[in-house]
Amino acid sequence: MTTEPNSKPKEVASRSAQYTVAVALVAGLGGVMFGYDIGVIADAKVGVEKAFGLDEKNSGDLTIIQTIVSSVLIGSFIGALVAGRLCDHIGRRWTNVWGGALFIVGCMGCALSTGAWMMIGFRVAMGLGVGFSSVAGPLYIAEIAAPWSRGAMVSLYQLAITIGIFLAMLLGYWLAPYDLWRLSFGLGAVLGGGLILGMLAMPPSPRWLVGKGRDAIALGVLKRTMGSIPAANEELEAIKVKVEEEKGASFFKALGSGRALKVALVLAIGLAFLQQASGINAIFYYAPEIISNIGLNDWKFQLTAALSLINVLATFIAVFLVDRLGRRPLLIAGTALMMVAQITVGVASTWLPDPTGDAAAASGGSMVGAIMLIAIFVSVIAFACSLGPLVWLVISEIFPAGVRSACVGVATSVNWIGNFFIAQETLTLVQISPGLAFWIFAGFNLVTIIFVWFLMPETKGVELEKIEDFFKRQGAWAGRRSG
Ligand code: BGC
């Protein structure tokens, strides 16, 4: 029943791959927007504070500054919830187009803001755009990709996120000294424009087309994505059977109709939350503070940039391995490595000498600092080849077509709430003790390993239409064995 990556004739696989890669790269622009909005504010913050006369030492101003930073996450949360529904009504492609349009409005508005509240409003608009594309992007790629390359293709979306973070950080750093923060926001609009133009040139998702009764157009798309006419016909028949079975399915009706969807939803929501609880954004949002705390203040920028770059590079490991090794081994091994690295940071932080101590202690401190730093790098690498790409992949592939987009919307919005809390709470935690923060994240990663071990089926190479059968039969255990 499974279609293994290697079972396709080479020329079919390569024809289909070329087309799917083009689709994934276009939808990936939404991922670059995602990363860009996380990264852009870090360096722009100082210029924004200066322009609007805000002072972090004044508690009222501090609240406004924090709201400027986090309002984008609120927008993304709302955007993800709305996008779940929108993907059904106007389609995955048009939801992406609207995501791009909102992002342009948000970026231009931020660039032209004349006051803090105006900026907050436009940061919400940026977030709405990112929220839309964070649901519609992975979903669209997963539905277009052939089963044997779906893992790698959705992982390209994560790769795009990491590129966005890196890009925004570099741009912000180059522009900040010239007080050009408005330009770094304005440039974000280019990404939104690229997403709109690229999406308009792409076909709609074949799954969505069949749901709307446009089988002939769906077949045309499938011929290109599957790489051969027989494979396209077979896939079309499988989609039609599912669409017929699920006719009239609504989210709540489907939820009440059996155990399978509930298990899938628990898995998706759990993974979405645990991805954030892994602490990855605590590292990205507060890397400079963490690096100073371990005594490497002079290297703050270079090391933060290196962390973002390693995040990009390590994602290629997942792109390469996910359809070969499978989702479960990669997710479990990567999360375990991240946990070990975080425990190392936690233990090493207790050896950090008092900064006011003598020179001998200080040299011991640099040794401990180096150990902590290496462990932080390892934890980013481990995330990049496991929880980063795999959470988006699993969320977008485990649900039945009739309620897929609504469920992806719910799970993605949980990811954004988690992101918001990490952004709010980490700084306090890091200031109390960086070690404590890492112990807590390591604890969550242990929960992830147990959660995945017991609940997540192996979906490598399986047609989207067949994945829900895992949950229908004996729950996740069946999938685990047949993977
Ligand atoms: C997460 C983001 C995170 C990024 C880091 C994504 O998968 O959802 O919150 O900032 O990975 O690469």
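Trainee: Does Ser379 count as buried or exposed, and why?

Mentor: Ser379 counts as buried because its relative accessibility is 1%. Buried means under 20% relative accessible area, exposed over 50%, and partly exposed in between (1.4 Å probe, protein chains only). Mind you, this is a predicted model: local features need pLDDT of at least 70, side-chain atom pairs count only at pLDDT 80 or more, and totals for chains, interfaces and linings use all residues. Numbering runs from 1 along each chain as its sequence is written, and side-chain values use heavy atoms, leaving out hydrogens and water.

Trainee: Where does Ser379 lie, and which residues is Ser379 in contact with?

Mentor: Helices are DSSP runs (H or I, at least four residues), numbered from the N terminus. Ser379 lies in helix 15, residues 359–384. Contact means heavy atoms within 4.5 Å; ignoring neighbours within four places in sequence, Ser379 touches Ile283, Met338, Ala341 and Gln342.

Trainee: And the ligand: which residues come nearest?

Mentor: A residue is near a molecule if one of its heavy atoms lies within 4 Å of it. Here 14 residues surround the ligand, and Gln158, Gln275, Gln276, Asn281 and Asn311 come nearest. A polar side-chain atom of Gln158 sits 2.7 Å from a ligand oxygen, and one of Gln276 sits 2.9 Å from a ligand oxygen. The protein buries 100% of the 310 Å² that the ligand exposes when taken alone (Shrake-Rupley areas, 1.4 Å probe).

Trainee: What about Ile440: where is it, and how does it count?

Mentor: Ile440 is found in helix 18. With 34% relative accessibility, Ile440 counts as partly exposed.

Definitions and conventions
Helices (H or I, at least four residues) and strands (E, at least two) are DSSP runs, numbered from the N terminus. A polar contact is a pair of N or O atoms within 3.5 Å; within protein, one must be able to donate a hydrogen and the other to accept it, and residues adjacent in sequence count only if both atoms are side-chain atoms.
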